[in-house]
Structures are given as structure tokens and as C-alpha cells.
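Let's take a friendly walk through a protein model, one piece at a time. Keep the picture in view as you read, and try to find each part as it comes up.

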Amino acid sequence: MEHIAGQQRKPNPRGAGGVLAEEIVGAALRLVEATSDPSGITLRGVAREAGITAPSIYLHFANLDAVMAAVVDRAFDKLHSTLEDARAGHDDPVAGLRALCRAYASFAVANPQLYGLLFSQEKVSLLRQVESGLLAPKSVDTMPGAHAFGLLVHAVAACVEAGTSTSTDPQYDAILLWTALHGYVTLLHSSADFPWPSHDSMLDQYAGRLALLTP
């Protein structure tokens with residue numbers, strides 16, 4: 001529903017509460033994409049962007065953290081769709097893996113605020129709790145964004161099945177590849193003026209070496 005931020009919106013029809021919840025998440029998503037510091041986002045700001053009153057948010061979300069968690073889920077869905085579309089355009093598994101790596105980097109570069117939210121300081125804090133034994137580690141399958149990461153695992157496994165990769169543990173090697181991709185795009189954000197080699201060449205090297213592709 002189109003609306004002007006800051007103006008009161010018309011209430012949804014009875015039974016359309018799910019629509020309002022989506023509008024709230026969409027409003028928070030727009031704020032994330034428009035700011036360099038998502039920590040400054042408030043419930044009032046989200047309500048203003050959605051054209052509703054702040055108390056209306058509590059009908060669907062317990063607090064701002066719940067809203068932002070939904071934004072993270074939406075962002076991972078967006079990343080998943082981007083990766084899936086990139087890989088689907090290739091019948092050759094090696095070409096598909098390379099296309100997936102390039103799509104991941106392109107998504108991160110084109111959506112810096114959104115990508116940064118996926119790997120925010122709060123996530124680093126959780127990792128420290130896991131390392132200290134205060135929090136049990138989750139299974140890869142239950143982590144936020146598991147469906148997006150799963151595409152990378154399947155892409156490596158497809159290369160193994162085609163005889164173009166010597167990997168004996170596609171999930172492990174996909175973790176190595178994801179780590180390299182994340183480190184690369186993080187450096188791109190912080191060191192844009194560095195004399196980087198060809199981006200596609202680097203991404204193809206990551207895929208080749210870390211997914212153990214055969215010549």
C-alpha cells in the first residue's frame with residue numbers, strides 16, 4: 001500500500017493484520033537501507049515511516065528487536081533469491097558455483113547497510129558467548145540465513161557429484177568459501193581505494209581453491 005511517510009494511513013480491513021505486519025517490516029527495511037547506523041532506528045521512526053501510530057506495532061511485534069529480527073529474515077530471503085536466481089541460470093555446476101559467488105559479492109556491495117545488518121555487532125556478541133561456553137552453538141540448519149548458506153553447500157556438492165571437485169565435505173568447504181567471500185566484501189567496503197585485482201577473477205579463485213575444483 002502506497003503511503004507518504006509521516007502521514008496517518010488508513011486502517012487495514014478486519015483480518016488483514018498480516019498485511020500491517022509486512023508493512024512494518026518493510027518500513028524498517030527502508031530505514032535500514034537509508035541509514036549508515038541502524039542502531040539509531042527507533043519504533044517511533046518505524047511507525048512514522050509506515051504511516052501508523054507507534055502503539056500499533058505492539059499488536060504484531062513485542063519490541064524493536066522483534067521488528068529488526070523480521071528485517072534480518074527478510075534480508076536473508078532477499079539474499080537467498082539473489083543467489084538462487086544466479087545459480088539457476090547455469091547447467092554446468094562449476095559455472096553455477098562461480099555465478100553464486102559473484103552474486104553474493106554483488107549483493108553485499110549493492111546493499112551495504114542491509115548486508116551489514118546481517119552480520120552486526122550483536123551477532124559478534126553471540127559468537128563470544130558461544131566461545132566462552134555461555135551459549136550453546138546452533139546447528140547450521142537452524143541459523144538465520146540457513147537457506148541461503150544451503151545453496152552454497154549444494155553448489156559445492158553438485159560439483160562433487162559432477163566429478164569437478166575433490167571435496168570430501170561440501171559443508172566444511174562451503175564454510176571456508178563463505179568465510180572468504182565475507183572477508184572479501186568486508187574489505188571492499190572498508191578499502192574501496194585498494195588496487196584490487198579483477199573482482200570476477202578473485203571470486204573465481206575463491207571458488208576454485210576452496211571448493212577444491214579440478215582443472
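Let's begin with leucine 212, which counts as partly exposed because its relative accessibility is 33%, and partly exposed covers the range between under 20% for buried and over 50% for exposed. Leucine 212 sits in the segment after H10. Its phi angle is positive, about 55°, although leucine 212 is not a glycine. Please keep in mind that you are looking at a predicted model.

Now step back to the whole chain. Its secondary structure consists of 10 helices and zero strands, so reading from the N terminus the elements run α-α-α-α-α-α-α-α-α-α. Of the 215 residues in the chain, 39% count as buried. Among the contacts in the chain with a separation of 6 or more, 65% are made by residues 24 or more positions apart.

From leucine 212, turn back to the helix that comes before it, H10. This helix has 12 residues, and its first and last C-alpha atoms are 16 Å apart, close to the 16 Å expected at 1.5 Å a residue. Which residues of H10 are buried? They are Met202, Leu203, Asp204 and Ala207. The cover over these buried residues includes H5 and H9, and those two helices are our next stops.

How do we describe two helices that pack together? Two packed helices are described by the angle between their axes and the distance between the axes. Let's try this on helix H9 (residues 170-190) and helix H10 (residues 199-210), which pack at an angle of about 160° with their axes 9 Å apart. H9 and H10 are therefore roughly antiparallel to each other, a label used for angles over 145 degrees. The crossing of H9 past H10 is right-handed. On the H9 side, the contact is made by Asp173, Leu176, Leu177, Ala180, Leu181, Tyr184 and Leu188, while H10 brings His199, Met202, Leu203, Tyr206, Ala207 and Leu210. Sorted by character, the residues of this contact of H9 with H10 are 11 nonpolar, one polar and one charged. Two of the buried residues of H10, Met202 and Leu203, appear in the list of contact residues as well.

H9 also packs with helix H5 (residues 93-110): the two axes come within 10 Å and cross at roughly 35°. H5 passes H9 in a right-handed crossing. Here Leu97, Cys101, Tyr104, Ala105, Ala108 and Val109 of H5 meet Leu177, Trp178, Leu181, His182, Val185, Leu188 and His189 of H9. What mix of residues makes up the contact of H5 with H9? There are 11 nonpolar residues, two polar and no charged. If you look for Leu177, Leu181 and Leu188 of H9, you will find them in the contact with H5 and also in the contact with H10.

Let's zoom in on one residue of this contact, alanine 108, which lies in helix H5. Is alanine 108 buried or exposed? With a relative accessible area of 0%, alanine 108 is buried, because buried means under 20%. Leaving aside neighbours within four places in sequence, alanine 108 touches Tyr115, Val185 and His189. Take valine 185: it is 77 residues from alanine 108 in sequence, yet the two are 6.5 Å apart in space, C-alpha to C-alpha.

For a second residue, find threonine 186, which lies in helix H9. Threonine 186 is partly exposed, with a relative accessible area of 36%. Its C-alpha atom is separated by 9.7 Å from that of tyrosine 115, although the two residues are 71 residues apart along the chain. Tyrosine 115 is also one of the residues in contact with alanine 108.

Our last stop is helix H8 (residues 146-161), whose 16 residues should span 22 Å at 1.5 Å a residue; the end C-alpha atoms are 22 Å apart, which agrees. How many residues of H8 are buried? The count is 12 of the 16, so H8 is largely enclosed by the rest of the structure. These buried residues are Ala146, Ala148, Phe149, Gly150, Leu151, Leu152, Val153, Ala155, Val156, Ala157, Ala158 and Cys159. They pack against helix H4 (64-88), H5 and H9. Just after H8 comes glycine 163, with a positive phi of about 80°. That recalls our starting point, leucine 212, which follows H10 and has a positive phi near 55°.

How values were computed. Residues numbered from 1 in each chain as written. Predicted model: local features only at pLDDT ≥ 70, side-chain atom pairs only at ≥ 80, totals over all residues. Heavy atoms only, no water. Axes fitted to C-alpha atoms, helices over the stretch in contact; angles between N-to-C directions. Helix = DSSP H or I, 4+ residues; strand = E, 2+ residues; numbered from the N terminus. Parallel < 35°, antiparallel > 145°, perpendicular 65-115°, else oblique. Left-handed = near helix turned anticlockwise from the far one by under 90°. Contact = heavy atoms within 4.5 Å. Nonpolar A, V, L, I, M, F, W, Y, C, P; charged D, E, K, R; others polar. Expected span 1.5 Å × (residues − 1). Buried < 20%, exposed > 50% of the residue type's maximum accessible area, 1.4 Å probe, protein only.
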